Amino acid sequence: MERFEEVKNLIMSLEGDFDKFYDKKNQAAGTRVRKGMQELKTMAQDIRTEVQNMKNAEDK
């Protein structure tokens, strides 16, 4: 559950930048959004791998 909290916190930390980019057309905020989304992608892949490994370990 700790990993899930990390994902939620990352998404919530990007909320302001999403607002600035989409509503106020702030280009720097767009860069921060892209960086955060890349971090989210990496985090999601790590979690996916961790879950798969745990699942496979239980099957043995």
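Student: How do you know that the span of α2 agrees with what is expected at 1.5 Å a residue?

Tutor: In this predicted model, the 33 residues of α2 should span 48 Å, and the end C-alpha atoms of α2 are 48 Å apart, so the two values agree.

Student: And what makes the reach of α1 close to the expected one?

Tutor: Helix α1, residues 2-24, has 23 residues and reaches 33 Å from its first C-alpha to its last, against an expected 33 Å. There is also a kink in α1, of about 35° and centred on E15.

Student: What comes between the helices?

Tutor: Just after α1, K25 takes a positive phi of about 60°. Then, at the start of α2, a side-chain oxygen of N26 comes to within 3.0 Å of the backbone nitrogen of A28. The cut-off for a polar contact is 3.5 Å, so this pair of atoms meets the distance limit.

Student: Why are V7, L10, L14 and D17 called buried?

Tutor: Buried means under 20% relative accessible area, and these four residues of α1 fall in that class. Part of their cover comes from α2. In α2, the buried residues are A29, G30, V33, G36, L40 and M43, and they pack against α1.

Student: What makes up the largest nonpolar core?

Tutor: Five residues: V7, L10, L14, L40 and M43. Both α1 and α2 give two or more residues to this core, with the largest share, three residues, coming from α1.

Student: Which residues does L10 touch?

Tutor: Leaving out residues up to four places away in sequence, L10 touches G36, E39, L40 and M43.

Methods: Residues numbered from 1 in each chain as written. Predicted model: local features only at pLDDT ≥ 70, side-chain atom pairs only at ≥ 80, totals over all residues. Heavy atoms only, no water. Expected span 1.5 Å × (residues − 1). Bend = angle between axes of the 7 residues up to and from the residue. Buried < 20%, exposed > 50% of the residue type's maximum accessible area, 1.4 Å probe, protein only. Contact = heavy atoms within 4.5 Å. Polar contact = N/O pair within 3.5 Å; in protein donor to acceptor, adjacent residues only side chain to side chain. Core = buried A, V, L, I, M, F, W, Y, C linked by side-chain atoms within 4.5 Å.
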